[in-house]
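The following exercises concern backbone geometry, solvent accessibility and contacts. Please attempt each task before reading its solution.

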Amino acid sequence: MFEYPLTLIRSSLLSQFPNIEFAMSTRQGEAPDAPFGFNLGYELGDADERVTGNIARFAEALGLDAGDLAVMKQVHGDTIRDVAEPGLYDASDALVCTQPRVGITVRVADCAPVILYAPDVQAVAVAHAGWRGTAEHITAKLLAHLIEQKHADPAGIFAYIGPCAGKEHYEVGPEVAALFPATYVDSSGDRPRIDLKGLNAQQLEHAGIPSANIEIDELCTIRDRALFHSWRRDGERSGRMLATIYLKDSIE
């Protein structure tokens, strides 16, 4: 049976490290007439068996089984969980892991996936950063967790901010825009627009990560229709994407 090729997003910054594997899915991987494209999210109206098969294909592309993934039930909050094994983690928006072959995973469709790697302590971390999580400083709190709980040196942490709604397209109400520094708000149009990627990069830099250690993906989930699912663009007909990172081996 023919399988449409997967298109995955990689990080050039993180790809330099041989002990980690990272990728983010796109909507490309199923026939163009598939109801939700290559969808990796349940409870959206897609068939569960289709989603399960898609997740298995995505995990396999990273060298994992679907059962190796640690996935959050995301609630747009600031709860951070340390995990040591795969599974579903309730009511959380950030995961930290130091165990090999546990694929910590964030599910997105416009919110920013923030991916961190601390080589000095062999820890990986992910955050789900929409405007609510960003307003609650989820990325800064995750970085503080790595520094305080895992004893990572912030100057040696590397970060990738993946595709999300870009600053030209991420419209919000004035009450939301007021939560953020004016530098990251464009009020020139009918509705304010916020720079979600820039806001999360600012949190990382303020906590001590050098700007050279931060990669910001320029792709936009709203604009780049052929590549990405977007809840803001497609509403209830939007699928979801996964971004997963894991440590390949333990290093003593």
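Three exercises with worked solutions follow.

This is a predicted model, in which local features need pLDDT of at least 70, side-chain atom pairs count only at pLDDT 80 or more, and totals for chains, interfaces and linings use all residues. Residues are numbered from 1 along each chain as its sequence is written, and side-chain values use heavy atoms, with hydrogens and water left out.

**Exercise 1.** Describe the backbone and surroundings of E43.

Solution. Begin with phi: E43 is not a glycine, yet its phi is positive, at about 60°. Next, locate the residue: E43 belongs to the loop between strand 1 (20-24) and helix 1 (48-61); helices (H or I, at least four residues) and strands (E, at least two) are DSSP runs, numbered from the N terminus. Finally, E43 counts as exposed because its relative accessibility is 79%; the classes are buried under 20% relative accessible area, exposed over 50%, and partly exposed in between (1.4 Å probe, protein chains only).

**Exercise 2.** Is H151 buried or exposed?

Solution. Locate H151 in the loop between helix 3 (138-149) and strand 9 (158-161). Then read its relative accessibility of 62%, so H151 is exposed. As to its backbone, H151 is a residue other than glycine with a positive phi, near 65°.

**Exercise 3.** Which residues does V172 touch, not counting residues up to four places away in sequence?

Solution. V172 sits in the loop between strand 9 and helix 4 (174-177). Its relative accessible area is 3%, so V172 is buried. With contact meaning heavy atoms within 4.5 Å, V172 touches A177, R191, P192, I194 and R232. Lastly, consider P210, 38 residues from V172 along the chain: their C-alpha atoms are separated by 29 Å.
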